[in-house]
Each structure stands twice: as structure tokens, then as C-alpha cells.
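This report goes through charged contacts, surface patches and one buried position. The sequence and the model come first.

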Amino acid sequence: MGDWKTITVPVLSSDSKNIFQYTSERKRSPTTMNSQVLRLPLPSSKNMHSFFSAFCTEENIEQSIAYIDRELTTLGFPSIYVESKGKELNLISVINCINELLALQHKNLRAQEEVEMQHLKLGSDMDHLQNCYAKLKEQLELSKREIVGLQERDRQLQSKNRNLHQLLKNEKDEVQKLQNIISSRATQYNHDMKRKEREYNKLKDRLRQLVMNKKDKKIAMEVLNYVGRADGKRGAWRTDKTEARNEEEMYKVLLSDYEQRQKQLLVENAELKKVLQQMKKEIISLLPPQKQKPKERSEDGLVLSDLEEDIGELNKENMWELSCETVREQLTNSIRKQWRMLKNHVEKLDNQVSRGHSGAWNEKDVISREDHELETEKLELEIQQCKEMIKTQQQLLQQQLTCDDETTLLLQDCYLLEERERLQEEWRLFQEQKKNFEKERRSFTEAAIRLGLERKAFEEDRGMWLKQQFLSMTADCKHSENVTTPSAFLRSSDQDNWLVKSTSQQRKPPSVLNGPVSAEPCQTSQYITHNSIESKIAGDSMPNLWVESDDKEETGECTKSWEDSGAGTLLCRNLHMEQLP
Amino acid sequence: MNFSELFELSGLLGRFSPDGKCLALCVQHSLVVRDVSSLQVRQLYTCLDKIQYIEWSSDSLFILCAMYKRGIVQVWSLEQPDWHCKIDEGSAGLVASCWSPDGRHILNTTEFHCSLSLCQLRITVWSLCTKSVSYIKYPKACQQGVVFTKDGRYMAVAERRDCKDFISIFVCSNWQLLRHFDTETQDLFGIEWAPNGCVLAAWDSCLEYKVLLYSLDGRLLSSYRAYEWPLGIKSVAWSPSSQFLAIGSFDEKVRILNHVTWKKITEFEHPATIASKKTIVYKEVEKSPSVETERLSFPPTKALASSLFSTQSKYEISQVPVSLQYIKPVADRANPKVGVGMLAFSADNCFLATKNDSIPNAVWVWDIRRLKLLVVLEQLCPIQGFQWDPRQPRLALCTGTSRVFLWSPAGCVAVQVPGEGDFQIVSLSWHSSGDSMVLLSKDNCCVCYLEREEVK
């Protein structure tokens with residue numbers, strides 16, 4: 001922007017001139033003919049002077065003044081002539097006019113600048129928008145092309161799909177055809193087989209005739225003597241009676257088989273029934289609250305459940321007497337109902353559980369969790385103990401392994417372990433004692449500090465008292481002067497001063513800390529107590545002491561900062577250090 | 001655990017008698033019956049040809065030896081060594097032979113038998129008591145085509161007539177037809193009675209996943225179908241209590257149906273990676289033998305030598321997640337090695353052992369009470385067979401090595417069968433008391449005695 005300004009400033013100035021000129025012209029043109037007359041010679045003037053210089057010459061000064069006056073009046077300025085004296089110029093009004101004109105020009109210039117700026121801005125905006133437009137147009141083109149591409153792909157895929165469908169159809173047809181072929185071939189094969197079988201039989205027959213005719217070998221059985229039947233009976237003759245008996249026996253066999261099967265089924269059924277009964281009982285025992293609720297809800301429910309109960313009782317009583325046919329429906333119904341209840345119950349429980357999980361407002365749940373945590377803690381503790389046990393056992397084992405040969409050693413180890421445990425116990429006691437001691441020592445140190453402080457205060461008091469005595473005894477003449485100046489100072493800006501000091505000191509505590517603290521901890525502590533007390537006294541009632549303590553101001557300052565930034569603890573530590581063995 | 005010496009054997013034909021007193025072993029043409037307790041030879045019979053199949057009668061008095069190539073069945077009596085019986089099916093082409101539950105009839109399935117004009121499979125029921133012979137027409141030649149109820153009263157036979165599947169139920173006492181009904185199957189593959197004898201499960205061939213459950217009186221109780229097009233059922237097992245029907249299928253899953261609604265209770269998957277922390281994975285680990293000085297003196301030198309060359313193995317508990325060795329099945333081969341091919345319930349119904357064929361080295365033991373995978377035993381070699389102890393929840397398995405492995409809820413052990421030579425156990429079967437089992441290899445067998453204290 002700076003560059004732009006530097007470059008454009010001269011241009012603007014020249015422009016502004018022109019503008020001014022144009023505006024004046026514009027304004028001028030409609031006004032009078034005179035202006036045109038006046039303007040006529042202007043372009044024709046051939047000297048090197050500018051337009052303004054050529055405007056007014058020695059000769060036309062009067063006219064030009066008149067012209068300007070007119071112009072100015074038309075512009076709303078007061079007349080440049082002195083009203084009373086006619087043609088005499090009112091210099092003041094001229095100057096005022098010029099000034100106003102200049103101001104106006106400045107204003108116009110600024111406005112123009114603004115307008116220029118705006119123009120530029122708008123131009124850049126325009127550019128930007130145009131760019132955007134171009135880009136968007138490009139995008140549009142691109143997406144159009146993409147759409148076209150996609151459409152093309154879609155079309156291709158669709159055609160492919162159609163082809164595949166066609167192929168599938170063809171394949172299906174092919175399969176169908178092949179199946180037909182197979183089945184036709186199978187039937188043909190079977191037919192041929194049958195034909196061949198017949199042919200084969202015929203051929204066999206023919207062969208037999210040819211062979212058998214030649215050597216007619218006797219088919220016979222040679223037995224030394226017939227043996228008795230296995231059951232000792234004689235073979236029965238075949239009669240209609242035997243046939244009927246055979247039939248009967250066959251049915252007997254079948255019947256017995258079916259009977260056996262029925263028995264098996266009965267046993268199975270009985271067992272299943274038993275299981276069912278048991279299940280029912282268990283469900284009922286599980287569901288007392290569930291059952292009561294619907295009872296309370298409505299009378300209909302009550303009636304229904306009563307009915308159900310009746311049925312249940314009836315079932316229980318007659319379960320084993322009645323055949324399944326009659327009881328089945330009731331039984332299944334009751335079971336189904338109970339099952340539904342159970343399901344509802346379980347679902348409700350599930351919901352409860354999930355709710356309990358999502359928001360932990362379920363008190364029971366929280367308690368259980370706490371219990372759980374406690375339990376886990378306990379268990380962890382136990383685990384720890386067990387681990388320790390194991391460790392000790394392992395150690396023992398190792399020891400045992402290392403010196404397995406002698407039992408005495410093992411015994412010794414045992415003793416050692418015992419001793420170790422005892423020692424551990426002692427160690428723990430010792431630690432506790434140590435802790436107690438530590439506590440005591442701390443309290444003791446605190447007491448010591450307090451004591452020291454008190455002693456210091458006492459010392460101070462004594463010192464003050466001595467000084468007062470001394471001062472009252474020796475200097476009487478110096479008294480008034482010495483007192484007034486510092487007291488005035490102190491009284492006026494007492495608070496401020498303190499504040500300044502403290503802040504300035506707070507900013508550089510390390511430098512202050514380094515010097516005296518490390519070298520002479522005892523002394524600093526002394527200073528601290530000293531100064532703090534002193535300052536309090538000085539601020540309140542003892543202005544005369546300020547001079548005396550002036551030489552110790554630096555240290556005093558530092559101590560204050562200490563106190564501000566928690567130096568008390570440090571102090572304690574120092575004192576502590578002293579007391580440590 | 002003690003082991004007997006190795007006995008010669010052929011065709012994996014070593015069977016304990018139902019009463020648990022004898023052990024029948026076949027060596028080519030001859031049948032040796034040994035006493036289980038002393039292993040002394042009690043009887044020795046010689047058959048007409050190489051024996052292909054033997055079966056004890058239910059009362060342990062007779063043994064039938066089938067020689068399918070010659071179409072002959074020979075029956076021997078344990079009580080009367082002189083007694084003999086020979087059934088000649090001639091050129092009819094013997095396919096299968098078995099005892100009826102009463103131990104007095106022999107059911108022979110023959111291929112070329114002409115009835116009227118058409119040549120069909122036929123079951124001939126020969127009686128040892130009377131001269132009477134019964135015929136059952138149109139039986140179907142499938143894996144489990146003739147099944148008896150546990151109490152021996154009824155027999156179910158899968159039939160094929162005119163390219164349609166049927167099931168006939170007979171009364172065993174006089175071979176009278178009780179029920180006859182058609183099944184809604186494309187190609188009936190197997191039938192199995194529930195242990196209580198009241199429900200018959202029938203399942204379709206692997207081309208279609210379909211299980212049908214019939215009552216004894218022929219009513220269709222339920223049918224179950226897990227999925228449609230992929231290969232279906234591979235194995236089926238009833239729980240001893242008849243409560244569950246476990247169905248192992250080609251999609252590497254076991255589905256368990258309940259006996260009340262016949263709906264699926266649960267599905268056991270067999271993934272190659274076991275991530276559940278609750279599953280224990282025992283892994284067989286081979287460890288190189290260390291020659292201990294104490295052992296050098298005691299065992300005979302031969303045994304020592306063999307033990308030096310063979311490696312020992314033990315179980316270690318692997319940290320889950322464990323990924324098991326997975327063999328990707330070849331897609332363009334028939335009967336792909338994938339899916340649950342073996343399953344067995346323990347005698348107390350509490351456990352189910354399964355094997356996924358695409359993870360051949362692992363046995364999965366499921367806890368049926370919790371319907372959860374309990375244990376996976378990861379072996380070094382493919383599982384050849386496993387069988388539950390008939391008395392307690394204890395699983396024995398073999399992997400084609402000379403080791404036998406035992407699992408019980410308490411833990412598991414790997415036991416090396418002592419002895420020289422190569423003894424590759426490919427099959428095993430428990431004694432009915434659960435105290436011993438016979439371990440079978442291609443050429444040898446041995447009896448393994450378990451001490452009760454040891455297993456607890």
C-alpha cells in the first residue's frame with residue numbers, strides 16, 4: 001500500500017487539478033455566456049504559462065475578478081466585493097473563499113481518493129468474482145463431462161448386466177437341456193439294459209439247452225444219513241393252516257416291535273413330562289412377584305390368573321392319569337403363558353441392567369460396585385500376600401536346594417526366616433518410632449523458633465529501651481530537625497513506599513537470597529526479625545529510629561521480600577539445618 | 001497282547017465258529033478245525049477241490065465248503081467226522097451257497113437253471129433233515145440278495161422278474177412265501193434287515209440315490225433320496241439298536257436316518273482337512289528300530305533278525321488342522337475310488353467307523369451320541385479292513401502290513417505281529433467273546449489274544 005500511495009500521489013494531484021477544472025467548467029457552462037466568452041481566448045493563448053496564470057492578466061483583472069465573484073456567488077460564497085464600495089475587493093472574504101475552496105478541494109481529493117480506493121476494491125472484487133465465475137464454469141464443464149462419463153459407464157454396465165443376464169438365461173437353458181438329455185439318456189439306457197437282459201436270458205437259455213443236452217449231469221445231494229433238526233422237531237407240512245399261522249406270527253412280531261417302541265416312547269414321554277413339570281414348578285417359584293402384579297392391575301387379570309391357577313392345579317393332580325391328548329392344550333397353554341412371563345421378566349431385568357449401566361442412578365448397583373471394588377482390593381491384597389508367601393517359599397526352596405544335604409542347615413534356615421520376620425517386625429516398629437521422633441523434633445524446632453523470636457524481641461526491646469535512654473540523655477538540640485524530615489517523608493507516602501520496595505524486591509529474590517543466606521543463615525534470620533519489628537515500630541510510633549536503622553536498609557528490604565515470598569519456611573529449614581546432627 | 005504262531009491259509013478262509021470254540025481254516029483242498037483255546041487240530045477234512053468258501057452252521061455243528069468251479073458243496077460234521085454230505089449242482093453253475101439260520105438247510109444259488117422255457121437264476125434249498133428240496137425262483141444276483149433276520153425267522157430275497165425288481169419274504173421254518181412285492185428301483189442293489197427284524201432296507205444301484213424302507217408285512221414305510229444325478233449309495237449299515245441307518249455314498253458323505261420318521265438326522269462329511277479342535281487325529285508314525293541290548297539275548301535270533309529289518313510304528317497325536325492324503329479319483333473310470341465304501345457301527349451303538357475311499361489311509365470314528373467326528377486314524381498304508389469288537393467299543397483295523405491297530409475311546413495302539421517273514425494282514429475278524437481275533441493274510445493267519453486288563 002505504501003508503494004501504491006507514493007506512486008499515485010502525484011498522479012492524483014494532477015488529476016485533482018483536472019477534476020477541479022472540470023468541475024468548475026461543468027458548473028460554469030450552464031451559468032452564463034460570459035464564461036464561454038472568457039474561455040474562448042484561453043485555449044488560444046500560446047505562451048508557456050499554465051491555464052491559471054493565463055486566466056488573469058494585467059488587462060483583464062477587473063473582468064476576471066468579476067468573473068470569479070460571479071462564480072463564487074453562484075457557488076454560494078459571499079461576494080468578494082465590498083458590498084458598500086462596489087468594485088473594491090474584500091480581501092478577507094477573498095481569502096476566506098480561497099480557504100474554503102482549498103478545504104473543499106481537500107475534501108474532494110479525499111473523497112476522490114476514497115472513491116478510487118473503492119473503485120480499486122470493487123475492481124479487485126470484480127476480478128475475484130470473475131475468476132470464481134471462470135472456475136465455477138470450468139467445474140461445471142468438468143462435472144458435466146463427468147456426468148457424461150458416468151452415464152456412459154452406467155450404460156455400459158447395464159448392457160453388460162443385460163448380457164450377463166442373457167448368459168445366465170442361456171446357461172440355465174443349457175442346464176435344463178442337459179438335464180433333459182441326461183434323463184432321456186437314462187431312460188434310454190434303462191430300456192436298453194432291459195432289452196439286453198432279456199436277450200441275455202434268452203442266450204443263457206439257449207446255451208443251457210445246447211450244453212445240458214450233451215452231458216446230462218445229475219443234480220443231486222449225497223448224504224450219509226439225514227440229521228435231526230436243531231430243535232428236534234419234525235418239519236411241518238405246508239398247508240393253508242401253516243400259512244395262516246405264519247401270517248399270525250408275522251403280525252405278532254410286528255406288534256411286539258410296535259409295543260416295545262410304544263413302551264419306549266411312553267418312558268420317554270414320562271420323563272419329558274417330569275422335566276416339564278419340574279420346569280413349570282421352577283418357573284412358578286421364580287415368578288411370584290410377576291404373577292401378583294397383573295392381579296393387582298385389573299380384575300380381568302385376576303380372574304384369568306385364577307383360572308390359570310385352577311388349571312395348573314388340575315394339571316398337577318391329573319397329569320399322570322390323563323392322556324396327553326386331553327391335557328396337552330391346557331398344559332402347553334399354561335407353559336406358554338409362564339414362559340412369556342419369564343421372558344418378560346428376563347427382558348425387564350435386562351432393561352434394568354442396561355439402564356443401570358448407562359446411568360448409575362441405581363443405588364443397588366452402586367453399592368454392589370463399591371462392594372466389588374472392596375472385594376477386588378481385598379483380593380489384590382490377598383494376592384500380594386500370597387505372592388510374598390510364594391517368594392519366601394521360593395527363597396526357602398532355593399536355600400533348601402543349595403544346602404539340601406544337611407537338615408540342620410534347613411532348620412537353621414527356618415530359624416533364620418523366623419528371625420528375619422522378627423527383625424522385620426522390629427524394623428517396622430523402629431520405623432514408627434523414628435516417625436514419632438521426627439514429629440516430635442519438628443514440634444520442638446517450631447518451639448525453638450518461637451523461643452528464638454521471643455528472645456530476639458526481648459533483646460530488641462531492651463536495645464530500644466537502652467537507646468531511648470541514651471538518646472534522651474545525650475542529644476537534645478538535634479532532636480527536632482532529625483525527627484521532622486524523615487517523619488514527614490514517612491507520613492506522606494508511607495504506604496506507597498512500602499509497596500514499591502516490596503515489589504522491586506520481589507522481582508529479584510535470587511540475587512538477594514544468594515548472598516547472606518548461604519553465608520550466614522543465622523545472621524539473616526536475626527536481621528529479619530530485627531527489621532520487621534523495627535519497621536512496624538517505625539511506621540507506627542517511632543519515627544526517630546528510622547535514621548538509625550538506615551544503614552541496614554538493604555538487608556531489611558531483602559528480608560521483607562522473603563517474608564512475602566514464603567521465606568518463613570526457608571527460615572525454618574535453615575534453623576532446622578542448624579539443629580541437624 | 002499275545003499272538004499265536006502263523007498257520008497256513010488260502011483264500012482268506014479262516015472263521016471262528018459261532019459258539020467260539022473252534023476255528024476253521026482252509027488250506028487249498030483241506031479244511032482244518034482247531035480248538036480256539038489250545039489251537040490244537042480237532043478235525044481235518046479233505047474236499048474234492050480247492051475250497052472257495054466256508055461257512056459255519058449257526059449251531060457250530062456243521063461247516064459247508066463251497067467249490068464254485070466244480071459246482072459242489074461239501075458239508076462236514078464236527079461231531080461225527082465220518083458223516084459227509086455232498087451237493088452237486090452239476091453244470092447249473094453254482095454262484096453262492098449259504099446256511100439257513102437253523103443250520104439244517106443249505107441255500108445254493110445257481111445260474112443256469114431252466115424252469116419251464118426260461119433260464120433263470122434259482123435258489124435251491126437243500127435240507128439235511130429230509131429229502132425235501134425247495135426252490136426259490138428268480139433271485140437277483142446282487143451283492144446282498146439273500147438276507148435273514150437276526151432271529152432267523154424270516155428271509156428276504158431280492159428278485160428280478162421280467163426286468164423288474166421284487167422282494168420276497170419267506171418264513172424260514174418251512175420256506176413259505178410270506179410277502180411278495182415290487183420295489184420302485186431301477187436296479188436293486190442290496191437289501192438288509194434291521195437288527196430287530198421288522199424293517200427291511202433296500203437300495204438302488206449307484207446310478208441312483210434311493211433307499212426304500214419296508215415293513216415286515218411289505219408296506220413301504222419310507223423312501224429317501226438325497227440327490228438325483230450323481231453316483232449314489234456305496235454302503236449301508238444298520239445300527240445294532242435298529243435306531244439308525246447309515247448310508248455312505250459317492251459324494252463322500254454319510255447320512256444317518258432315524259427310525260421314527262425315517263428322515264435324515266445328520267450328515268457326516270469327510271473332508272481332506274480336519275480343522276475342528278474337538279477332533280483328535282492319531283497319525284501312525286514309523287520309527288526306525290533301535291537294537292536294545294536287553295532284547296538281543298531274549299528273543300530267538302530269527303525274530304531278532306526280522307525285527308531288525310522291519311520298522312516299528314506308533315501313533316502320534318497330530319495338531320489340527322490336519323490335511324489327509326487325498327487321492328483324486330480318475331473321472332473317466334467306472335467305479336471311481338471315491339465315497340464312503342465302508343461303515344460299521346460299534347456294538348454299543350455309540351460309534352460309527354467309516355472310510356472314505358478317496359482318503360484310503362484314514363478311518364473316521366464318529367460319536368453317535370453327539371453326532372460329531374471324534375477321532376481320525378491316519379495310517380501309513382491304505383486301510384484293508386476294520387471291525388468292531390462285538391463286546392465293547394473297540395475297533396481293530398489292518399492296513400496290509402504286519403501290524404494290527406486298535407482304537408478305543410481311551411486311546412489307540414499299533415501292535416507289531418511278531419514273527420519272521422512277510423505277514424501282510426488284509427483281513428481280520430473278532431472272536432465272539434471279544435477276547436481274541438484272527439488276523440488273515442493271503443497265505444497265513446494267526447490268532448491274536450487280547451488281555452482284558454491291557455485294553456482298559
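Over all chains, 34 salt bridges are counted, a salt bridge being a side-chain nitrogen of Lys or Arg within 4 Å of a carboxyl oxygen of Asp or Glu. The model is a predicted one, in which local features need pLDDT of at least 70 and side-chain atom pairs count only at pLDDT 80 or more, while totals for chains, interfaces and linings use all residues. Residues are numbered from 1 along each chain as its sequence is written, chains are lettered from A and ligands numbered from 1 in the order in which they are written, and side-chain values use heavy atoms, with hydrogens and water left out.

Three of these pairs are listed below.

| Salt bridge | N to O distance |
|---|---|
| B:Arg179 and A:Glu247 | 3.0 Å |
| B:Arg104 and B:Asp59 | 2.8 Å |
| B:Arg161 and B:Glu159 | 3.2 Å |

The salt bridge of B:Arg179 with A:Glu247 crosses between chains, running from strand β18 (residues 176–182) of chain B to helix α7 (residues 240–286) of chain A. Helices (H or I, at least four residues) and strands (E, at least two) are DSSP runs, numbered from the N terminus. B:Arg179 has a relative accessible area of 17% and is therefore buried, whereas A:Glu247, at 25%, is partly exposed. Here buried means under 20% relative accessible area, exposed over 50%, and partly exposed in between (1.4 Å probe, protein chains only).

B:Arg104 pairs with B:Asp59 at 2.8 Å. B:Arg104 sits in the loop between β11 (94–99) and β12 (105–115) of chain B, and B:Asp59 in the loop between β7 (53–56) and β8 (62–67), so the salt bridge ties together parts that are 45 residues apart in sequence. B:Arg104 is buried at 6% relative accessibility, while B:Asp59 is partly exposed at 24%.

In the third pair, B:Arg161 is partly exposed at 30% and B:Glu159 is buried at 2%. A network of salt bridges also links A:Glu197, B:Lys140, B:Arg160, B:Asp165 and B:Asp187.

Two surface patches follow. Patches are made of residues with over 30% relative accessible area and no salt bridge, like charges being joined within 9 Å and nonpolar side chains (Val, Leu, Ile, Met, Phe, Trp, Tyr) within 5 Å. A patch of negative charge includes A:Glu370, A:Asp371 and A:Glu373. A:Glu373 is in helix α11 (residues 363–402) of chain A and is partly exposed at 49%. A:Tyr189, A:Met193, B:Leu207 and B:Leu231 make a nonpolar surface patch of about 340 Å². B:Leu207 lies in the loop between β20 (199–204) and β21 (211–215) of chain B, with a relative accessible area of 45%, and is partly exposed.

Chain B has three helices and 41 strands, and 58% of its 456 residues count as buried. Its exposed area is about 19400 Å², of which carbon and sulfur atoms supply 51%; accessible areas come from the Shrake-Rupley method with a 1.4 Å probe.

B:Leu352, in strand β32 (residues 351–356) of chain B, is buried with a relative accessible area of 0%. Leaving aside residues up to four places away in sequence, B:Leu352 touches several residues, among them B:Ala246, B:Val254, B:Phe268, B:Trp364 and B:Trp388, contact meaning heavy atoms within 4.5 Å. The C-alpha atoms of B:Leu352 and B:Ala237 are separated by 9.6 Å, and the two residues are 115 residues apart along the chain.

Methods
Lys, Arg positive; Asp, Glu negative; His and termini not counted. Charge placed at Lys NZ, Arg CZ, Asp CG, Glu CD.
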